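Welcome, and please open your viewer. We will take the chain as a whole, then stop at two of its helices.

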Amino acid sequence: MSNVQELPLLDPTGGQGVVLCCPPLTERPMSATEAEHAARMFKALGDPVRLRLFSAVASHEGGEACVCDISDVGVSQPTVSHHLKKLKEAGLLTSERRGTWVYYRVEPSVLAAMGQLLAMPVAA
């Protein structure tokens with residue numbers, strides 16, 4: 001019997017619901033559905049620009065970043081918007097429009113779930 005709990009991830013469709021991700025890789029083999037959820041996250045982070053944008057948001061003071069503060073990643077503004085959209089679709093970022101600017105944040109549950117997925121069991 002395992003004492004490991006599955007952590008929720010944001011619904012990758014952008015809804016308000018919560019979708020359970022996956023157990024740690026070392027606990028048991030993933031189901032097809034769990035593998036699809038995890039692959040969607042890692043595929044989104046598999047692009048260097050997306051990884052930089054995700055890191056910029058995650059490490060920004062206050063846990064959120066205005067698009068105006070993170071768009072200097074060596075690509076055009078429309079390309080930045082495209083990559084941010086892909087990160088949102090994968091459930092890695094949420095956003096809020098404030099006036100003319102959009103603010104992005106990484107939900108703590110996303111980072112926790114990703115860490116849990118890759119965690120090694122603690123030796124007793």
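What percentage of the 124 residues of the protein chain count as buried? The figure is 32%. Keep in mind as you look around that this is a predicted model.

**The whole chain**

Start with a cartoon view. You should find five helices and five strands, and following them along the sequence gives the pattern β-β-α-α-β-α-α-β-β-α. Now switch on the surface: the accessible area is about 7,500 Å², and carbon and sulfur atoms account for 57% of that area. If you display contacts between residues at least 6 apart in sequence, 55% of them join residues at least 24 apart.

**First stop: helix α2**

Select residues 48-59, which form α2. This helix has 12 residues, and the distance from its first C-alpha to its last is 16 Å, close to the 16 Å expected at 1.5 Å a residue.

Next, show the side chains of Val49, Arg50, Leu53, Phe54 and Val57, which are buried. Why do they sit on the same side of α2? Look down the axis: they cover an arc of only 135 degrees around it, which puts them on that one side. The general rule helps here: an α-helix has 3.6 residues a turn, so residues three or four places apart point the same way.

Turn to the face away from the buried side, and you will meet the exposed residues Pro48 and Ser59. To see what covers the buried residues of α2, colour the elements around them, including α1 (32-45), β3 (64-66), α3 (67-70), α4 (77-89), β5 (101-105) and α5 (108-118).

Before moving on, zoom in on the start of α2. There, a side-chain oxygen of Asp47 comes to within 2.8 Å of the backbone nitrogen of Val49.

**Second stop: helix α4**

Now select residues 77-89, one of the elements covering the buried residues of α2. The 13 residues of α4 should span 18 Å at 1.5 Å a residue, and its end C-alpha atoms are indeed 18 Å apart.

Which residues of α4 are buried? Show Val80, His83, Leu84 and Leu87. Seen down the helix axis, these buried residues fall within an arc of 100 degrees, so they line one face of α4. That set packs against α1, α2, α3 and β5. Rotate to the other side of α4 to find Pro78 and Lys85, which are exposed.

For a last selection, pick Gly91, just after α4. Its phi is positive, at about 80 degrees.

Definitions and conventions:
Residues numbered from 1 in each chain as written. Predicted model: local features only at pLDDT ≥ 70, side-chain atom pairs only at ≥ 80, totals over all residues. Heavy atoms only, no water. Helix = DSSP H or I, 4+ residues; strand = E, 2+ residues; numbered from the N terminus. Expected span 1.5 Å × (residues − 1). Buried < 20%, exposed > 50% of the residue type's maximum accessible area, 1.4 Å probe, protein only. Arc of directions from axis to C-beta. Contact = heavy atoms within 4.5 Å. Polar contact = N/O pair within 3.5 Å; in protein donor to acceptor, adjacent residues only side chain to side chain. Areas by Shrake-Rupley, 256 points an atom, 1.4 Å probe, with all protein chains shown as cover.
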